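Hi there,

Here is the structure I promised to pass on. Have a look at it first, then read my notes below.

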Amino acid sequence: MTTVNGLPAHILLVHAIVVLLPLSALLLVLSSVWPKARGKLAGANAVLAVVVVILVPITTNAGEWLERRVAQTPLLRDHTELGDTALWVAIPVAVLALVVWWRERENTRLSAGTDDSPVAGRRTYLAPASTKVTAAVAVVAVLAAGAAVYDIYRIGDSGARASWQGNFSENAAPRHAR
């Protein structure tokens, strides 16, 4: 994907990442630390986090296409290098979102089963009833979410600087005042 309606696709796609990755990170934290939210948010967030992982390489590829068509500057180089880290923070958020969802799914099935139910004797994975595993997943989720939000902030800030630094004047009168 290179352009959308005449605009570079990267300019449009980056806004999806800037909104959706921090949103997914926030939902990950909520669903990993708050049991009531887990049942309501874990499944939707697992889907959202996987969509973000799919969107990140599409966005970075569109950014690389755009990079070849604009003036090369140190700010642009910094942004490009930082942009390559987005996938490495999106993947842990997605994996943890899937883990939280899977554990909630198995825990719900376990609590719904009775001794004579086929669910009661079934094998489970990821220790859905373990409070220690739940706490460990929550700690790792908070760390991964924080890293993702911070990384997206750094990438976005460097992109804004690469695009706008030196391209406007703070002292110029607004056009309508001229």
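What follows is a short tour of the overall layout, the empty spaces, the surface and the charged pairs.

A word on the ground rules before we start. This is a predicted model, so local features need pLDDT of at least 70 and side-chain atom pairs count only at pLDDT 80 or more, while totals for chains, interfaces and linings use all residues. Residues are numbered from 1 along each chain as its sequence is written, and side-chain values use heavy atoms, with hydrogens and water left out.

**The layout**

The protein has 5 helices and 2 strands. Going along the sequence, you meet them in the pattern β-β-α-α-α-α-α. Helices (H or I, at least four residues) and strands (E, at least two) are DSSP runs, numbered from the N terminus. Of the 178 residues, 34% count as buried. Buried means under 20% relative accessible area, exposed means over 50%, and partly exposed is in between (1.4 Å probe, protein chains only).

**The empty spaces**

Rolling a probe the size of a water molecule over the atoms shows where empty space is left. The search runs on a 1 Å grid over the protein atoms alone: a cavity is a set of points where a 1.4 Å probe fits but cannot get out, and a pocket is an open set with protein on both sides within 12 Å along at least five of seven lines. Lining residues have an atom within 4 Å of a point. Grid points are joined across faces, edges and corners, and a volume is the space filled by probe spheres set on the points.

How big is the largest pocket? Its volume is about 810 Å³. The lining of this pocket has 34 residues, and the closest to its centre are H10, L66, H79, G159 and S163. Two or more lining residues come from each of α1, α2 (35-67), α3 (74-83) and α5. Helix α5 gives the most, with 9 residues. Sorted by class, the pocket lining has 16 nonpolar, 14 polar and 4 charged residues. For these classes, Ala, Val, Leu, Ile, Met, Phe, Trp, Tyr, Cys and Pro are nonpolar, Asp, Glu, Lys and Arg are charged, and the others, Gly among them, are polar.

As for closed spaces, there is 1 cavity of 30 Å³ or more. The largest cavity has a volume of about 50 Å³. You can find it by picking out S31, S32, R38, V100, R103, T134 and V137, which line it. Helices α1 (9-33), α4 (86-112) and α5 (131-164) each supply at least two residues of that lining. Its classes are 2 nonpolar, 3 polar and 2 charged residues.

**The surface**

Now turn to the outside. M1, V4, L7, I11, L12, V50, I54, I58, L98 and W101 make a nonpolar surface patch of about 820 Å². Patches are made of residues with over 30% relative accessible area and no salt bridge; like charges are joined within 9 Å and nonpolar side chains (Val, Leu, Ile, Met, Phe, Trp, Tyr) within 5 Å. Areas come from the Shrake-Rupley method with a 1.4 Å probe, and for residues only the protein chains shown count as cover. Helices α1, α2 and α4 each supply at least two residues of the patch, and the largest share, 3 residues, comes from α2. One patch member, I58, sits in helix α2 and is partly exposed at 33% relative accessible area.

Then there is N5, in the loop between β1 (3-4) and β2 (7-8). N5 is exposed, at 78% relative accessibility. Its phi is near 55°, a positive value in a residue other than glycine. Most residues other than glycine have a negative phi.

**The charged pairs**

How many salt bridges does the whole structure have? The search finds 2, where a salt bridge is a side-chain nitrogen of Lys or Arg within 4 Å of a carboxyl oxygen of Asp or Glu.

- D151 and R154 pair at 3.7 Å, N to O. Both lie in helix α5, 3 residues apart, about one turn of the helix. D151 is buried at 5% relative accessibility, whereas R154 is partly exposed at 33%.
- D157 and R161 pair at 3.0 Å, N to O. Both lie in helix α5, 4 residues apart, about one turn of the helix. D157 is partly exposed at 28%, and R161 is partly exposed at 42%.

Cheers
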